[in-house]
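Please walk through the aromatic side chains of this protein and the charged groups beside them.

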Amino acid sequence: MPLIRPTNLLLTFDAFGTLFTPKFPIAAQYAFVGQQHGLVGMNEDKVRVAFKKAFSEESKQHPNYGKSSGMKPEEWWTRVITNTFTTITSSPLPSSLAPALIRRFSSSMGYKLYPEVIPLLHAIRSPPQNWPYSSTTIGVITNSDPRVTSVLDSLTVGVRSCIPMIPDHKDKALLDFVTLSYDVGCEKPDIGIFNAARMVGHQRARGSGAGVWRYVHVGDDLVKDYQGAKSAGWKGVLVDRITKKKLGESKVIIKGLDEIIEVLINLEKGHCSV
């Protein structure tokens with residue numbers, strides 16, 4: 001009989017829009033915090049337009065959250081926040097405004113998990129009997145700065161690579177690593193960020209890592225997540241909670257993350273192509 005080599009799974013997720021989402025619209029939260037700091041004339045629609053413009057212009061001038069310009073993310077976000085509010089209010093901006101918003105969007109104050117995330121991650125950590133993978137390593141690939149890790153920690157997900165080596169604490173982490181565009185220097189759909197995640201995934205592998213590897217990325221953006229993964233030689237799964245895009249019968253689109261375990265089992269059995 002031919003030797004059956006064990007299959008290791010490297011499963012990665014996008015962060016924003018896949019694992020978590022704003023508690024309330026970002027513009028509404030900006031307006032609320034602005035009012036808390038004494039700004040007048042706060043209007044959600046005006047904030048939305050101003051924020052979109054400020055974010056776009058700052059991204060063009062200083063890409064990758066300022067990394068290419070030698071800026072720290074906090075400095076980059078302070079510029080975005082300042083340029084957002086100075087166009088919609090004549091009130092002087094208090095020095096506490098930007099830090100308050102940065103803190104908010106670095107934690108569970110600003111974001112919430114999709115309800116299926118924690119049950120899914122626990123289910124993968126204690127997989128069903130028909131789970132076809134000898135080891136499963138779970139990560140995040142995100143076009144973002146280090147705030148994502150603090151958001152995930154605040155949302156009680158936990159990242160193993162960022163937790164001190166205290167056994168009881170380490171074992172509670174549901175994710176093994178986070179790969180940030182800020183650290184790598186390129187964003188999805190560039191294959192460079194997927195290659196970086198592959199390397200880190202092997203380093204953080206649960207188990208020996210011997211045998212063949214299956215690489216699967218799950219996200220909500222057709223170009224950045226699905227097509228980016230495919231271009232990097234990975235399998236791609238698109239999360240489409242609302243519109244149900246049609247990519248063809250051979251493509252996998254899920255309405256929520258609670259469907260991913262069945263997809264992964266069928267993938268290894270050869271019952272689906274992603």
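Arg-198 sits over the face of Tyr-215, 4.3 Å from the ring centre. A second charge of this kind belongs to Lys-67, which lies over the face of Tyr-182 at 4.7 Å from the ring centre. The model is a predicted one.

Rings also pair with rings. With a limit of 6.5 Å between ring centres, the count comes to 18 aromatic pairs. One of them joins Phe-55 and Trp-77, with centres 5.8 Å apart and an angle of 45° between the planes. That angle is neither under 30 degrees nor over 60, so the pair counts as tilted. Phe-55 belongs to helix α2 (residues 44-61) and Trp-77 to helix α3 (residues 73-86), so the contact links distant parts of the chain, 22 residues apart.

Are the two partners buried or exposed? Phe-55 has a relative accessible area of 27% and is partly exposed. Trp-77, at 10%, is buried, because buried means under 20% relative accessible area.

Trp-77 also pairs with Tyr-65: the ring centres are 6.0 Å apart and the planes meet at 35°, so this pair too is tilted. Tyr-65 lies in the loop between α2 and α3, whereas Trp-77 is in helix α3, so the pair ties together parts 12 residues apart in sequence. Both Tyr-65 and Trp-77 are buried.

Which residues form one aromatic cluster with these rings? Phe-55, Tyr-65 and Trp-77 are among its members, together with Phe-16, Phe-20, Tyr-30, Phe-51, Trp-76, Phe-85, Phe-105 and Tyr-111.

Technical notes: Residues are numbered from 1 along each chain as its sequence is written. This is a predicted model: local features need pLDDT of at least 70, side-chain atom pairs count only at pLDDT 80 or more; totals for chains, interfaces and linings use all residues. Side-chain values use heavy atoms; hydrogens and water are left out. Helices (H or I, at least four residues) and strands (E, at least two) are DSSP runs, numbered from the N terminus. Buried means under 20% relative accessible area, exposed over 50%, partly exposed in between (1.4 Å probe, protein chains only). A charge sits over a ring if NZ of Lys or CZ of Arg is within 6 Å of the ring centre and within 35 degrees of the ring normal.
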